[in-house]
Amino acid sequence: MKERNLRRVNLEGADLLFARLVGAFLDGANLKGAELIRADLLWTRLRGVDFEGADLRKANFKETKLKGAKNLTIDQLSKVKTLYYAELDEELEVPLREKYPALFENPDKEE
């Protein structure tokens, strides 16, 4: 797989609806106010990314590394498609697991 190095990229206010960022390295990127609705961030590294005001509705954060992300809220994360096997800071993960346990289940599991 080709490396997608987008470290420290400035995507403030960007329209990233349905963006496919699978496996990208976005460490330190600026995603303030970005629209990531239904974006696919599978296996993406997001350490130090600034998510202030970003719209994360239905975004796929399966197996994503979010530890150390900045300005990321429980409210934002409660609206994503999945956090299955995502790495989160404890202060976000614990309340999310308590209030929204379905976010941590495999979204691809067959019923």
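**Surface, fold and core of a predicted model**

The accessible surface of the protein (Shrake-Rupley method, 1.4 Å probe) comes to about 6500 Å², of which 45% belongs to carbon and sulfur atoms. This is a predicted model, in which local features need pLDDT of at least 70 and side-chain atom pairs count only at pLDDT 80 or more, while totals for chains, interfaces and linings use all residues. Residues are numbered from 1 along each chain as its sequence is written, and side-chain values use heavy atoms, with hydrogens and water left out.

User: Which pattern does the protein follow along the sequence?
Analyst: Helices (H or I, at least four residues) and strands (E, at least two) are taken as DSSP runs numbered from the N terminus. The protein has two helices and two strands. Read along the sequence, their pattern is β-β-α-α.

User: What share of the 111 residues counts as buried?
Analyst: Buried means under 20% relative accessible area, with a 1.4 Å probe and protein chains only. By that criterion, the buried share of the 111 residues is 45%.

User: Which residues does L77 touch, leaving out those up to four places away in sequence?
Analyst: The largest nonpolar core, a set of buried Ala, Val, Leu, Ile, Met, Phe, Trp, Tyr and Cys residues joined through side-chain atoms within 4.5 Å, has 31 residues, and L77 is among those with the most contacts inside it. Contact means heavy atoms within 4.5 Å. With residues up to four places away in sequence not counted, L77 touches L56, L66, L72, L83, L88, L92, L96 and L103.

User: What are the dimensions of the box that the C-alpha atoms fill?
Analyst: The box is taken along the principal axes. Its dimensions are roughly 35 × 30 × 20 Å.

Terms used: Buried means under 20% relative accessible area, exposed over 50%, partly exposed in between (1.4 Å probe, protein chains only).
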